[in-house]
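Trainee: Could you take me through one part of this fold in close detail? I would like to see how a single helix sits among its neighbours.

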Amino acid sequence: MTGTGRAGLRLTARGAIVMLFVITLVGMPFLPGPAFVAGCLTAALLVRPRDLLPLVVTPPLVFFVAALLVEVVRALRSASMLQTFGLGMFTALSSGAPWLFLGSALALGIAWVRGLPANLRELRGAPAPTPAPASHSRSRRGRARTFDPEPEGYFEPRVYGRAADE
């Protein structure tokens, strides 16, 4: 079945973030809070499950950039640009804070249900750097002893640190 919704349209993280930005920017002069929440809801529902993590961390930045652009345009039309811009940003961010928290929490909740924990597990399961080879000396029980790595800049052929299994 083609179309929108669960089986149809899926956006990448970039596409969902751009969509969130456009919805927020268009709604900023009229109803900034509800437009932002609607954008968060739509983006969280339409993003591909593997792209949930980048989407969840960006709503505050999207809100700030949209408010910044709107307030710069408003300040350009005034006699005192800096004063108008400062007061406009203060007003936009302080009055939008509850909506910002609601939209961010909504996006996080939807992403959690849609599979965000799996993305976090995958992120933590990324291959770690390979450890330095263990020393060739053996402990009394026959196990290989591992040592702390050498400080950088030392190229002497002796082992630094103490054994980790002692």
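Mentor: Happy to. Read from the N terminus onward, the chain runs α-α-α-α-α-α, with six helices and zero strands. Please keep in mind that this is a predicted model. Of the 166 residues in the chain, 29% are buried. Among contacts between residues at least 6 apart in sequence, 61% join residues at least 24 apart.

Let us settle on α4, which covers residues 59-76. This helix has 18 residues and reaches 26 Å from its first C-alpha to its last, close to the 26 Å expected at 1.5 Å a residue. Which residues of α4 are buried? They are Pro-59, Val-62, Phe-63, Ala-66, Ala-67, Val-70, Glu-71 and Ala-75. The spacing of that list is worth a thought: an α-helix has 3.6 residues a turn, so residues three or four places apart point the same way. Notice that Glu-71 is on the buried list too. The cover over these buried residues includes α1, α2, α3 (52-56) and α5.

Take α1 from that cover. Helix α1 spans residues 13-27, and its axis comes within 9 Å of the axis of α4, the two crossing at roughly 40°. That angle makes α1 oblique to α4, and the crossing is right-handed. On the α1 side, the contact uses Ile-17, Leu-20, Phe-21, Thr-24 and Leu-25; on the α4 side, it uses Pro-59, Val-62, Phe-63, Val-65, Ala-66, Leu-69 and Val-70. By class, the residues of this contact are 11 nonpolar, one polar and no charged.

Thr-24 deserves a stop of its own. This threonine is found in α1 and counts as buried because its relative accessible area is 0%, where the limit is under 20%. Leaving aside residues up to four places away in sequence, Thr-24 touches Phe-36, Val-62, Phe-63 and Ala-66. Val-62, Phe-63 and Ala-66 also appear among the buried residues of α4, while Phe-36 belongs to α2 and takes part in the contact of α2 with α5.

That brings us to the pairing of α2 and α5. The axes of α2 (residues 32-46) and α5 come within 9 Å and cross at roughly 10°. α2 is therefore roughly parallel to α5, and the crossing is right-handed. From α2, the residues in contact are Gly-33, Pro-34, Phe-36, Val-37, Cys-40, Leu-41, Ala-44, Leu-45 and Leu-46; from α5, they are Trp-99, Leu-100, Leu-102, Gly-103, Ser-104, Leu-106, Ala-107, Ile-110 and Arg-114. Sorted by class, they are 14 nonpolar, three polar and one charged.

Back to α4 for a moment, by way of Gly-86. This glycine lies in α5, residues 81-114, and its C-alpha atom is 8.9 Å from that of Ala-75, 11 residues away along the chain. Is Gly-86 buried, partly exposed or exposed? It counts as partly exposed, because its relative accessibility is 37%.

Finally, follow α5 to α6 (residues 116-124): their axes come within 5 Å and cross at roughly 75°, so the two helices are roughly perpendicular. Leu-108, Ala-111, Trp-112 and Arg-114 of α5 meet Leu-116, Pro-117 and Leu-120 of α6, and by class this contact has six nonpolar, no polar and one charged residues. Arg-114 is also listed in the contact of α2 with α5.

How values were computed. Residues are numbered from 1 along each chain as its sequence is written. This is a predicted model: local features need pLDDT of at least 70, side-chain atom pairs count only at pLDDT 80 or more; totals for chains, interfaces and linings use all residues. Side-chain values use heavy atoms; hydrogens and water are left out. Axes are lines fitted to C-alpha atoms, for helices over the stretch in contact, and angles run from 0 to 180 degrees between N-to-C directions. Helices (H or I, at least four residues) and strands (E, at least two) are DSSP runs, numbered from the N terminus. Angles under 35 degrees count as roughly parallel, over 145 as roughly antiparallel, 65 to 115 as roughly perpendicular and the rest as oblique. A crossing is left-handed if the near helix is turned anticlockwise from the far one by less than a right angle, and right-handed if clockwise. Contact means heavy atoms within 4.5 Å. Ala, Val, Leu, Ile, Met, Phe, Trp, Tyr, Cys and Pro count as nonpolar, Asp, Glu, Lys and Arg as charged, and the others, Gly among them, as polar. Buried means under 20% relative accessible area, exposed over 50%, partly exposed in between (1.4 Å probe, protein chains only). The expected span of a helix is 1.5 Å times one less than its number of residues.
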